[in-house]
Amino acid sequence: MATVPPNFSERKQEQLKPYLHDSIVVPDELQANVLITTLDKVYNWSRKSSMWPLLFGLACCAIEMIATAASRYDLARFGMEVMRPSPRQSDLMIVSGTVTKKMVPAIVRIYNQMAEPRYVLAMGACATGGGPFKEGYNVVSGIDKYIPVDVYVPGCPPTPEALIYGLLKVHEKVERQSILTVPWYRKDQSEFVPVPRLGPDIFDPRQVELIRETTMKKPVVASVAAADGGDAAHAAAPKEVSNAAKSRMEEAKQRAAAKRGA
Ligand code: SF4
């Protein structure tokens with residue numbers, strides 16, 4: 001015999017069961033007017049229903065982002081129609097377009113200026129992994145090398161529908177968070193990302209020690225030769241740092257220390 005699906009009030013009773021307690025007595029006349037939920041649910045519902053994206057675009061993907069915000073797709077239904085020109089008032093950074101080395105410092109600086117809670121969506125092949133310009137001389141292989149990304153939307157360019165799907169995934173992530181464990185109410189949990197330096201090639205300041213160790217101290221060629229059973233003494237010796245370079249480095253260190261102390 002086919003089972004009869006539960007009606008609305010039975011389903012409601014079933015959903016309420018985990019929250020009901022003997023000490024909570026709801027009079028019959030109020031049964032239809034009382035809503036019981038969790039603080040997390042209300043907190044996350046309000047955050048996801050008023051998420052303001054940051055107003056900026058980098059390349060062709062930005063055109064699709066603009067189309068998504070226009071009347072046909074209507075971001076207003078998610079409370080997202082207000083694209084904020086200030087990172088201080090934005091919750092969501094949509095990195096839409098090719099990320100060049102020149103733009104990375106600016107993007108990281110803007111990310112640091114966004115207040116928590118903040119989310120990042122990498123839109124398109126370029127922002128997620130370099131896209132058609134991957135390993136080009138001026139393009140980075142994805143913005144996630146520098147700032148944490150919450151959702152990736154593939155495509156070149158992704159359609160507005162794909163972007164909307166990505167935005168719904170951001171909403172899902174918001175809904176899974178708990179007010180008890182979110183990092184923005186805890187001390188020293190919010191990450192400040194050092195702004196990368198644009199030099200002959202871009203580098204991450206957090207990797208400075210590693211870069212210095214690799215390029216100046218370790219005799220890489222010699223250790224490879226020794227590992228191969230060769231004669232390390234005959235392998236190319238690491239380049240000596242000249243006294244002039246050492247003194248320049250020392251001066252730079254002192255200037256940086258003085259600046260920090262000022
Ligand atoms: S992913 Fe394609 S459409 Fe988007 S910025 Fe890169 S090249 Fe342009």
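**Exercise 1. Determine how α3 and α6 are arranged relative to each other in this predicted model, and which residues make their contact.**

Solution. Two packed helices are described by the angle between their axes and the distance between the axes. For α3 and α6 the angle is about 75°, and their axes lie 9 Å apart. Angles of 65 to 115 degrees count as roughly perpendicular, and α3 and α6 are therefore roughly perpendicular to each other. On the α3 side the contact is made by E64, M65, A67 and T68, while α6 contributes P160, L163 and I164. Sorted by character, the residues of this contact divide into 5 nonpolar, 1 polar and 1 charged.

**Exercise 2. Describe the sheet formed by β1, β2 and β3, and place α3 with respect to it.**

Solution. Begin with the chain as a whole, which has 9 helices and 5 strands and follows, along the sequence, the pattern α-α-α-β-α-β-α-β-α-β-β-α-α-α. Of these elements, 3 strands form an open sheet in the order β1-β2-β3, with parallel pairing. The edge strands are β1 and β3, each of which pairs on one side only. Neighbouring strands of the sheet are turned against each other by 20° on average, direction ignored. The helix α3 packs on this sheet, where it touches β1 and β2, and its direction makes about 135° with that of β1. Looking next at a single pair of strands, β1 and β2 are joined in the parallel sense over 5 bridges, and M93 stands opposite V120 in β2.

**Exercise 3. Establish whether β2 is covered or open, and what β2 gives to the largest nonpolar core.**

Solution. Of the 5 residues of β2, 5 are buried, and the strand is mostly covered. The side chains can then be sorted by direction: Y119, L121 and M123 point one way from β2, V120 and A122 point the other way, and all are buried. Turning to the core, it has 39 residues, among which V95, V99, L121, A122 and M123 touch the most other members. Two or more residues each come from α3 (61-69), β1 (92-96), α4 (104-113), β2 (119-123), α5 (124-129), β3 (151-153) and α6 (160-176). The largest share, 5 residues, comes from β2. V95, one of the members with the most core neighbours, shows what such a position touches: beyond residues up to four places away in sequence, V95 is in contact with L58, I107, V120, A122, M123, A127 and I143.

**Exercise 4. Decide whether L58 is buried or exposed, and find the residues that L58 contacts.**

Solution. L58 is placed in the loop between α2 (39-48) and α3. A residue is buried if 20 or more other C-beta atoms lie within 10 Å of its own; L58 has 21 within that distance and is therefore buried. Leaving aside neighbours within four places in sequence, L58 is in contact with V95, S96, G97, T98, V99 and M103. A separation between C-alpha atoms adds to this picture, since L58 and I94 are 36 residues apart along the chain, yet their C-alpha atoms are separated by 9.9 Å.

**Exercise 5. State what fraction of the chain is buried, and what share of its contacts joins residues at least 24 apart.**

Solution. Buried residues make up 23% of the 262 residues in the chain. For the contacts, take those between residues at least 6 apart in sequence; 72% of them join residues at least 24 apart.

Technical notes: Residues numbered from 1 in each chain as written. Predicted model: local features only at pLDDT ≥ 70, side-chain atom pairs only at ≥ 80, totals over all residues. Core = buried A, V, L, I, M, F, W, Y, C linked by C-beta atoms within 7 Å. Buried ≥ 20, exposed ≤ 12 C-beta atoms within 10 Å, placed from the backbone. Helix = DSSP H or I, 4+ residues; strand = E, 2+ residues; numbered from the N terminus. Contact = placed C-beta atoms within 7 Å. Axes fitted to C-alpha atoms, helices over the stretch in contact; angles between N-to-C directions. Parallel < 35°, antiparallel > 145°, perpendicular 65-115°, else oblique. Nonpolar A, V, L, I, M, F, W, Y, C, P; charged D, E, K, R; others polar. Pairing = 2+ DSSP bridges.
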